[in-house]
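Hello,

Please find the structure below. My notes on what was found in it follow.

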Protein chains: 2
Amino acid sequence: MGNEVRTMADIARLAGVSVSTVSRALNDSPLIPEETKERIRRIAHTYNYELHVGARNLRLQRTQTIAAVIPFGETSDRQVSDPFYLEIIGAIANKLAEYDYDLLISRAHAADEGWYQRYVLGKRVDGLIIIGRKLNDRGIAKLVELGANFVVWGPPLPGQRYVSVGSDGVSGAAQAVRHLIQLGRRRIAFIGGDEDETETWLRRRGYEQELQRAGLPLDANLIAYAHFTSESGYFAMRQLLARAPDIDGVFVCSDLMAVAAMEALRQEGRDVPNDVSIVGYDDIPLAAHCSPPLTTVRQQIRRGGMLLASKLIDLIEGRQVESVTLPVELIIRESCGAKVRSARGC
Amino acid sequence: MGNEVRTMADIARLAGVSVSTVSRALNDSPLIPEETKERIRRIAHTYNYELHVGARNLRLQRTQTIAAVIPFGETSDRQVSDPFYLEIIGAIANKLAEYDYDLLISRAHAADEGWYQRYVLGKRVDGLIIIGRKLNDRGIAKLVELGANFVVWGPPLPGQRYVSVGSDGVSGAAQAVRHLIQLGRRRIAFIGGDEDETETWLRRRGYEQELQRAGLPLDANLIAYAHFTSESGYFAMRQLLARAPDIDGVFVCSDLMAVAAMEALRQEGRDVPNDVSIVGYDDIPLAAHCSPPLTTVRQQIRRGGMLLASKLIDLIEGRQVESVTLPVELIIRESCGAKVRSARGC
DNA sequence: AATGTATATGCAATCGATTGCACAAGGAAA
DNA sequence: TTTCCTTGTGCAATCGATTGCATATACATT
């Protein structure tokens with residue numbers, strides 16, 4: 001009802017000028033004298049005029065929107081609700097807002113092969129940020145082929161033909177495992193995310209490298225995969241305990257799963273950290289305030305999100321962009337104790 | 001490089017027909033004979049044609065996009081990373097995808113008054129989903145005034161002039177507190193989210209109602225507010241313990257904060273559940289797998305998200321829509337024990 | 001053969017902005 | 001007074017799709 005001023009044409013009528021002049025005035029063009037600009041601006045403001053972004057974007061052949069492709073939705077049966085995703089989304093959104101870009105969220109749908117194409121070819125977005133990188137990701141290959149603007153969360157891999165930002169999972173896992181070994185742990189288990197996920201694969205390499213360096217044997221019974229959910233972390237831990245009851249250390253690929261794993265250990269009568277030491281990954285805020293506080297590999301999640309956003313914009317605007325590996329840091333808390341002669345009971 | 005077929009005009013040229021025919025064919029109009037449709041579809045497919053959604057939306061005066069306004073970003077200093085948000089976003093995104101709507105994410109920026117206007121008046125989105133409702137929310141009032149399409153997360157309040165979907169926080173809190181009372185707890189604390197947030201306010205009412213019903217005194221020392229972050233939950237608990245060391249029960253407005261509060265209790269030498277019983281809110285997956293597993297008030301988060309999405313679309317498409325109150329359910333786990341004569345130590 | 005009807009297709013306007021080019025008015029220089 | 005330049009403004013095309021209306025062809029009806 002109230003407002004009949006929706007387009008530049010409306011303003012032009014009110015101001016007694018043409019649409020071109022309104023457009024130039026509102027875009028602060030030097031062609032228009034300050035006096036006229038001011039008059040037009042005032043009218044626009046008075047009538048609560050807002051630019052129709054879609055129309056401008058069509059004309060300018062851009063969308064000023066980027067899509068974050070994140071596997072958090074209920075893919076088939078499982079639903080991921082890891083704070084990690086929210087943190088990185090928040091950081092991305094903040095950075096994009098600085099550049100006046102909007103953020104579109106999409107759960108990646110592995111089943112739907114054409115997904116990327118629709119967004120890229122359909123000019124729905126100017127670029128994409130991919131969060132869950134698979135090993136030999138076909139979607140990413142497709143994006144390279146299409147020449148799309150996109151960046152990926154994860155450390156750069158040898159020979160990769162796209163830009164990525166992430167922390168060094170191999171090193172992160174290695175630091176965690178080294179710490180466990182130094183505490184005297186010898187039967188160290190590994191709980192990954194999905195087996196086909198690159199991050200998990202890298203961390204497993206770090207885990208294995210470090211065991212080998214210490215001369216410890218690799219044991220397939222000490223490896224389990226989960227899906228970055230609390231529940232899957234819990235069951236992975238139970239499974240490991242069933243297969244290898246002598247586990248005395250665990251490296252888990254996310255803090256959320258680590259918390260659940262600690263509870264599984266407790267339920268099986270193991271004390272953390274006295275019987276089993278455990279190290280998580282991410283250092284989400286929860287890690288500092290769970291019971292016991294979790295030793296974990298800190299990723300620079302917010303910095304990563306901001307870099308993803310700014311590098312994508314650099315790409316879109318045609319600048320040269322390099323991949324980045326962010327450092328990780330082992331944060332030591334109470335969930336890791338030194339091996340002691342089993343002294344449970346009162 | 002590769003692909004020179006970007007618009008319907010390109011396809012029209014290849015097919016030797018007009019753009020109108022291409023448009024009708026691809027939209028499966030009955031005006032076009034099946035044979036022609038098939039030919040055009042084949043060409044479109046061969047050349048990887050994708051519709052330019054922005055152009056269509058401009059013509060059709062819609063955006064096929066909705067915005068979720070969520071206070072998770074780093075508003076000033078704090079950053080919220082509660083799995084609750086991710087779950088509800090996931091559910092919303094899934095439902096919207098069914099209707100071919102895209103989901104735009106925006107951190108609400110309390111400082112920026114004109115935010116809503118830009119999205120609504122600027123025709124950036126067809127509708128909004130508001131997650132963190134404030135008491136006397138000025139932004140929401142503005143949306144009502146503008147006649148925007150939007151829905152709000154939270155139970156309907158008396159006299160409210162918009163549609164909302166949410167669970168009954170008064171009842172949820174009351175159930176939690178009643179349970180604590182039944183277990184023999186008498187000094188029951190309350191940890192809220194932000195004080196100006198409607199959900200927190202409702203739950204506090206439920207808390208107070210239930211205490212009064214049981215004839216227990218209200219004590220301001222037993223009330224603390226936090227910000228839905230782990231850290232703030234932790235400090236709220238410490239603060240409460242400093243003010244009222246005899247606390248024997250706590251009702252916390254989110255599971256994430258409850259986990260942190262349990263750790264604070266543990267650090268202060270209180271055993272959960274023997275010394276202090278604690279009840280959370282939400283029933284995120286973590287709640288079942290933390291230590292100890294958390295008694296909590298289950299909200300139907302996913303169902304809520306789906307309802308928000310479908311009701312918003314109903315609104316956009318002009319259908320009559322009613323607010324909904326979802327039931328809550330107390331999920332009893334180990335974090336609540338009956339009051340026992342203090343029997344700590346070996 | 002003339003008229004009517006159904007079917008297939010195209011023209012051109014439209015959505016709301018941006019911008020190259022043309023043009024008009026005013027002042028300065030010759 | 002004429003010419004030239006500067007400054008301010010508008011016309012019209014454009015971005016890529018949709019769709020009402022007009023038209024063209026084929027076929028059926030009388």
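A phosphate oxygen of DNA strand D is 3.1 Å from an N or O atom in the side chain of Asn27(B), a polar contact in the sense of a pair of N or O atoms within 3.5 Å. This is a predicted model, in which local features need pLDDT of at least 70 and side-chain atom pairs count only at pLDDT 80 or more, while totals for chains, interfaces and linings use all residues. Residues are numbered from 1 along each chain as its sequence is written, chains are lettered from A and ligands numbered from 1 in the order written, and side-chain values use heavy atoms, leaving out hydrogens and water.

Base oxygens of strand D also take part: one is 3.0 Å from a side-chain N or O atom of Arg24(A), and one is 3.2 Å from such an atom of Ser20(B). Two or more residues each come to the surface near DNA strand D from α2 (19–26) and α4 (53–60) of chain A, and from α2 (19–26) and α4 (53–60) of chain B. Helices here are DSSP runs (H or I, at least four residues), numbered from the N terminus.

There are 26 residues around strand D (near means a heavy atom within 4 Å). Ser18(A), Met8(B), Ser23(B), Tyr49(B) and Arg59(B) come nearest. Of the atoms of strand D within 4 Å of the protein, 64% belong to sugar and phosphate.

Chain A is assigned domain 1 (8–51), domain 2 (65–166 + 301–325) and domain 3 (169–299); the bounds come from an automatic or database domain assignment. The C-alpha centres of domains 1 and 3 of chain A lie 62 Å apart.

Regards

Technical notes. A polar contact is a pair of N or O atoms within 3.5 Å; within protein, one must be able to donate a hydrogen and the other to accept it, and residues adjacent in sequence count only if both atoms are side-chain atoms.
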